[in-house]
Amino acid sequence: MGTCQYTFQEEASGVLSRPGGTGRLLYASHTQYSQDWNSSLHTHGCAEVFFITGGHGRFRTQQGDIPVTIRDVVIVNANVPHTEVSQLESPLEYTVLGVEGLGTLAGAEGYTMLHLHTGWEELILCLRLMLQEAAGALPGRETVCQNLLEVVLVRLGRQRDIVLSGETAGPRSSRECNLVRRYIDNHFKENLTLEQLAEMAHINKYHLAHTFQREFRTSPISYLIARRIQESRFLLRETDHSISQIAQILGFSSLSYFSQSFRRLEGISPNEYRRRHRKNDGE
């Protein structure tokens, strides 16, 4: 495995531990597939943020594999078993940041994946500068790299279907909200309502709506829709199902509702998403 990794020490710069920051950068590395690639499941005590910069491969957890390619970003919470697998004919390449104190609103899998249509080039410039600063070992490199991390996280946080937090999602969520979130993750294809979710958690629906919004900065139904759209991206990329079939599979009441929800979260139509992805695969 061809890897360049740089680590950062907290005591090296006061910026790394200042209050109010969203995560502390522990390490940054760039990896390209080679014959000694190790694809064993492993965990880290911090979150990892993967930016796929080349090739094709799969991101693997205990729940299974998902395909990844250039412009994909995978955010893995701390202590979640995972690994990366490369295609031989199209070697996988990625930059990964290890970030302490960061979490993403994720399902039982413990990770969130998104595909960036806009803003990718700006993120890559930040990552290249971060690696350049780290490699140079000049005074103040930790300060520069931490500030670049915060720029990267702010830009990622603008994506509508992910939630980044200065703490891992698990400890800060109430038992009821965590139960509802996990239930949605396991049953998002079903016709769920706020009333059903509240009854399942044995709490008032208004209390559930307020608490869930406070904990995760989104409503239960918005989380349900985002989870369906997340799954729809995979189906659009990896299957030949029609748009109407995908809408039905994911529990949307109509094709128009699916299309409106997809456009609201992704900024483009399902057909355009599929066309762009397949065009990129062919390049």
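These legends describe close-up views of a predicted model.

**View 1. The whole chain folds into helices and strands.** The secondary structure comes to ten helices and eleven strands. The chain has 283 residues, and 49% of them count as buried. Consider the contacts in the chain with a separation of 6 or more. Residues 24 or more positions apart account for 72% of these contacts.

**View 2. Strand E3 pairs with strands E8 and E6.** E3 covers residues 47–54. Is this strand largely enclosed or not? Seven of its eight residues are buried, so E3 is largely enclosed by the rest of the structure. E3 and strand E8 (residues 93–100) run antiparallel and are joined by seven bridges. In this pairing, Val49 stands opposite Leu97 of E8. E3 also runs antiparallel to strand E6 (residues 72–76), with four bridges between them. Here Glu48 stands opposite Val76 of E6. Strands of a sheet pair through backbone hydrogen bonds, and the pairing is either parallel or antiparallel.

**View 3. Strand E2 also pairs with E8.** E2 spans residues 24–32. Seven of its nine residues are buried, so the rest of the structure largely encloses E2. How many bridges join E2 to E8? There are eight, and the two strands run antiparallel. Find Ala28 in this view: Leu97 in E8 stands opposite it. Leu97 also stands opposite Val49, as the view of E3 shows.

**View 4. Three strands form an open sheet.** The strand order is E5-E4-E7, and the pairing is antiparallel. Which strands lie at the edges? They are E5 (64–69) and E7 (82–86), and each pairs on one side only. Neighbouring strands of this sheet are turned against each other by 25° on average, direction ignored. Strand E4 takes in residues 56–61. E4 and E7 pair over five bridges in the antiparallel sense. Arg60 stands opposite Thr83 of E7. In a regular strand, side chains alternate between the two faces of the sheet.

**View 5. Leu116 sits in a loop and is buried.** The loop runs between strand E10 (111–115) and helix H1 (120–136). Leu116 has 2% relative accessibility, so it counts as buried. Which residues is Leu116 in contact with, leaving aside its neighbours within four places in sequence? They are Arg71, Val73, Leu123, Leu156 and Gln159. Now compare sequence and space for Leu116 and Glu266. These two residues are 150 residues apart in sequence. Their C-alpha atoms are 9.1 Å apart in space.

**View 6. Helices H4 and H7 pack against each other.** Two packed helices are described by the angle between their axes and the distance between the axes. H4 covers residues 175–187, and H7 covers residues 220–238. The angle is about 30°, and the axes are 10 Å apart. The crossing of H4 and H7 is right-handed. Which residues of the two helices meet? H4 brings Arg181, Ile184 and Asp185. H7 brings Pro220, Tyr223, Leu224 and Arg227. By class, this contact has four nonpolar, three charged and no polar residues.

**View 7. Two loop residues, His202 and Arg217, have positive phi values.** Most residues other than glycine have a negative phi. His202 is not a glycine, and its phi is positive, near 60°. His202 is found in the loop between helix H5 (194–201) and helix H6 (205–216). Is His202 buried or exposed? His202 is exposed, with a relative accessible area of 72%. Arg217 is not a glycine either, and it has a positive phi of about 60°. Where does Arg217 lie? Its place is in the loop between H6 and H7. At 54% relative accessibility, Arg217 counts as exposed.

**View 8. Cys126 and Cys145 are buried.** A disulfide is a covalent bond between the sulfur atoms of two cysteines. How many disulfides are counted in this model? The count comes to zero. Cys126 has a relative accessible area of 13%, so it is buried. Cys145 counts as buried too, at 0% relative accessibility. The cut-off for buried is under 20% relative accessible area.

Notes
Residues numbered from 1 in each chain as written. Predicted model: local features only at pLDDT ≥ 70, side-chain atom pairs only at ≥ 80, totals over all residues. Heavy atoms only, no water. Pairing = 2+ DSSP bridges. Axes fitted to C-alpha atoms, helices over the stretch in contact; angles between N-to-C directions. Left-handed = near helix turned anticlockwise from the far one by under 90°. Contact = heavy atoms within 4.5 Å. Nonpolar A, V, L, I, M, F, W, Y, C, P; charged D, E, K, R; others polar. Disulfide = S-S within 2.5 Å. Buried < 20%, exposed > 50% of the residue type's maximum accessible area, 1.4 Å probe, protein only.
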